[in-house]
Amino acid sequence: MRILVLSIASGLFSSAAMAQANAPDFGKDKERSADSVIIVGRTLHLVGEAVSASEGSIGQSDLADRPLLRSGDLLEFVPGLVATQHSGSGKAQQYFLRGFNLDHGTDFATSVDAMPVNMRTHGHGQGWTDVNFLIPEAVEELTYRKGTYYPEVGDFSSAGSARFHIADRVGSGLAELTAGSFGYVRGVAVNSVAVGAGDLLYGVELQAFDGPWDDIEENVEKVSGVLRYSFDIGGGRAHAMVMGYDNSWNSHDQIPQRAVDQGLISAFGSLDTTVGGEASRYSLSTGWNGPALGGQLDVAAYVIDSSLDLFLNFTYFLDNPVDGDQFEQVDDRQVYGFDAAQQWDLGRSRIRVGAQGRYDDIGQVALFHTKARDRLSTVRDDDVGESSIGIFASHEYRFSEQFRSYLGLRYDYYDFDVLSRSLAVNSGEADDATPSLKASLIYRPLDPLEFYASYGQGFHSNDARGTTIRIDPVTGDPALPVDPLVDSEGAELGARLHVNDRIQATAALWTLRLDSELLFVGDAGNTEAGRPSERTGVEAGIYYFASDNLSGDFEVSYSDAKFTDNDPAGEKIAGSIPLVISGGITAKTDSGYVATLRARYFGSYPLIEDDSVESDGSTVLNLRLGKTWGPIGLSLDVLNLLDSDDHDIDYYYASRLPGEPAAGVDDIHFNVFQKRSFRANLRYTF
């Protein structure tokens with residue numbers, strides 16, 4: 001590794017003045033202006049531009065062709081990522097990638113333009129990632145970067161990151177109405193118009209859904225909106241954007257296998273029919289990118305108002321045999337932040353420096369014991385202020401047309417201030433900082449082929465309440481504060497192939513180590529002990545574009561995740577999925593017919609550390625058939641085409657049903673796939 005760093009450093013300190021006039025130049029393909037046409041999506045040529053094999057781009061045309069069950073499924077465009085749901089449709093989904101059970105985003109950073117989606121010190125889980133507020137038709141591009149090799153991304157990015165880019169304008173407006181099985185109704189309209197010297201994009205989405213469950217109606221009532229004004233100024237492009245989202249729902253939560261086996265409920269039944277939630281997110285953001293200081297400047301700022309009120313019940317009567325174990329999680333906050341980066345392309349060199357700041361003003365993050373959504377007692381109730389500042393720099397140097405080096409440095413500082421209203425001894429302040437090194441060597445032996453050797457250090461922050469805790473709020477036992485920041489270290493060997501805009505392929509062999517899997521448990525209000533871990537894996541993807549009318553893709557990833565300490569409990573990491581396979585094909589005709597078939601499989605995975613209990617894994621197929629007549633389009637989505645009764649997600653833990661022993665019963669708890677459903681879409685473009 002020392003040789004690798006020294007080799008890259010030699011490129012860093014080579015004077016930019018050495019760049020001759022005929023030196024290979026970096027392109028400026030990401031500059032956007034009113035008149036520029038940017039090619040985005042899987043056909044984007046990244047050979048010669050990417051710094052690892054594990055980054056890519058998805059365009060709106062890719063997004064539009066795929067049938068989606070939920071908005072959170074947008075993240076499944078990231079190769080190898082699995083999005084599942086263990087609760088109601090309005091709740092953030094649970095994600096899996098590279099041997100991680102990411103929960104709701106602890107080690108995968110997601111953003112919309114420069115705005116973070118991950119919520120730290122959250123009422124339900126660290127890194128909470130709820131993308132239900134997105135209107136897919138307003139997304140111009142989704143870019144993803146897996147691994148720890150990118151200094152522009154800090155917290156939560158050990159497994160990777162994804163950024164959704166909202167369009168400045170759309171080529172044509174659209175209005176679509178969808179109606180389908182189990183009371184599903186969705187209406188969406190997205191359009192852009194010229195206003196003054198700029199473009200005004202607007203979009204609105206309304207959605208209702210009852211669900212296929214036996215004893216509840218989900219009663220989803222979702223409203224999302226976006227308003228974005230973009231204009232040219234100062235030689236660059238500026239924008240101001242308002243986004244809004246409000247949702248409420250009832251939940252079908254995971255249920256114990258024994259309740260189904262005993263005939264108490266079906267796989268589509270519930271043991272607590274009063275759980276569910278409400279969520280909202282409103283934001284104002286602005287930004288500008290354009291030429292400045294002899295290079296390219298990107299600046300952005302944002303304000304976010306986010307709230308969640310969530311009712312759950314996973315153990316039924318284990319902790320409270322009289323009133324039951326239902327609990328309420330509350331999160332109410334405002335987030336303020338900025339993101340700025342300056343880039344210079346100097347012949348052989350590309351230099352980028354930047355800074356990011358964020359402050360979470362969390363007026364209430366709380367946990368209550370409830371019954372039928374009525375509060376019975378307070379477990380935790382806190383007011384938290386969490387601030388962070390991150391600075392980074394990177395240098396990319398082209399030694400020749402065949403050989404490049406990349407070096408990145410990042411430094412992050414965090415400050416935590418916790419005021420506990422329920423248990424004063426758990427109040428306090430803490431701070432921490434961590435540096436990160438990123439590096440890659442890139443070799444291009446042939447014009448369409450490139451090889452990468454990448455290394456990076458990363459981290460994720462822990463819940464602020466865990467950094468000041470002294471007393472466990474449930475047991476009353478003494479508790480030790482946790483490290484505010486948990487470091488990770490990863491490396492990767494990869495390759496990328498791009499042939500005539502018809503065939504693209506990537507492959508990567510990677511490894512990642514974490515100092516600790518420790519997490520703050522929102523369901524209990526305390527800190528769950530963690531262990532050091534290591535993950536290794538291999539990934540491959542191939543994308544074939546036979547013509548404008550026929551395309552297909554196939555992606556496979558395999559990972560091995562284990563704890564690295566010696567513990568008699570076992571070395572397996574519960575919830576780590578070893579094998580994920582996905583693929584699909586889209587065929588169109590000149591007369592307007594279109595068909596898309598998608599398949600996703602993930603294999604069995606351990607549910608406890610000794611691997612004595614496993615999930616069976618699952619397979620799901622989705623189909624879309626459609627036809628367009630000029631501006632009119634009609635399509636039919638068939639979700640869960642084979643009506644599989646596989647499980648969306650499995651857990652293994654103790655719960656208690658009426659009449660069972662006080663200690664409860666260890667059992668698999670699962671959420672089944674939603675039944676086969678049909679959705680008819682009528683679209684008008686203008």
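Two strands are taken as paired if DSSP finds at least two bridges between them. The model examined here is a predicted one, and its strand pairings make a convenient place to start.

Strand S20 (residues 403–420) and strand S21 (residues 428–446) meet this requirement, running antiparallel with 16 bridges between them. Within this pairing, Gly408 has Lys438 of S21 as its bridge partner. S21 is also joined to strand S22 (residues 449–461), again in the antiparallel sense, by 7 bridges. Here Ala439 is found opposite Tyr455 of S22. The link from S21 to S22 is a hairpin through 2 residues.

The residue Ala50 brings S21 and S22 into view from another part of the chain. Ala50 belongs to the loop that runs between helix H1 (2–12) and strand S1 (55–59). Its relative accessibility is 0%, so Ala50 counts as buried. Once neighbours within four places in sequence are set aside, the contacts of Ala50 are Glu55, Arg404, Ile442, Glu450, Tyr452 and Arg496. One of these contacts, Glu450, is 400 residues away from Ala50 in sequence, yet the two C-alpha atoms are 9.3 Å apart in space.

Attention can now turn to two open sheets. One has 3 strands in the order S2-S3-S4, paired antiparallel. Strands S2 (82–84) and S4 (100–101) each have a single partner, so each of these edge strands has one side without a neighbour in the sheet. Strand S3 (residues 94–97) pairs with S4 over 2 bridges, in the antiparallel sense, and Leu97 has Phe100 of S4 as its bridge partner. Phe100 also takes part in a contact of another kind: the charged end of Arg535 sits over its ring, 3.7 Å from the centre. A similar arrangement involves Arg66, which lies over the face of Phe77 at 3.8 Å from the ring centre.

The other open sheet, also of 3 strands, has the order S14-S36-S35 with antiparallel pairing. Its edges are strand S14 (255–256) and strand S35 (647–655), each of which pairs on one side only. S14 and strand S36 (residues 665–672) run antiparallel and are joined by 2 bridges, with Ile255 opposite Phe670 of S36.

Aromatic residues deserve a closer look as well. A pair of aromatic rings is described by the distance of the centres and the angle of the planes. The structure contains 12 aromatic pairs. For Tyr397 and Phe399, the ring centres are 4.9 Å apart and the planes stand at 80 degrees, so this pair is edge-to-face. The two residues fall into separate accessibility classes: Tyr397 counts as buried at 5% relative accessibility, whereas Phe399, at 30%, counts as partly exposed. Elsewhere, Phe96, Phe602 and Tyr605 come together in one aromatic cluster.

A final detail concerns Ser349, which is placed in strand S18 (residues 349–371). Ser349 has a relative accessibility of 1% and counts as buried. Its side chain makes a polar contact, at 3.2 Å, with the side chain of His395.

Conventions:
Residues are numbered from 1 along each chain as its sequence is written. This is a predicted model: local features need pLDDT of at least 70, side-chain atom pairs count only at pLDDT 80 or more; totals for chains, interfaces and linings use all residues. Side-chain values use heavy atoms; hydrogens and water are left out. Helices (H or I, at least four residues) and strands (E, at least two) are DSSP runs, numbered from the N terminus. Buried means under 20% relative accessible area, exposed over 50%, partly exposed in between (1.4 Å probe, protein chains only). A polar contact is a pair of N or O atoms within 3.5 Å; within protein, one must be able to donate a hydrogen and the other to accept it, and residues adjacent in sequence count only if both atoms are side-chain atoms. Rings of Phe, Tyr and Trp (its six-membered ring) pair if their centres lie within 6.5 Å; planes under 30 degrees apart count as stacked, over 60 as edge-to-face and the rest as tilted. A charge sits over a ring if NZ of Lys or CZ of Arg is within 6 Å of the ring centre and within 35 degrees of the ring normal. Contact means heavy atoms within 4.5 Å.
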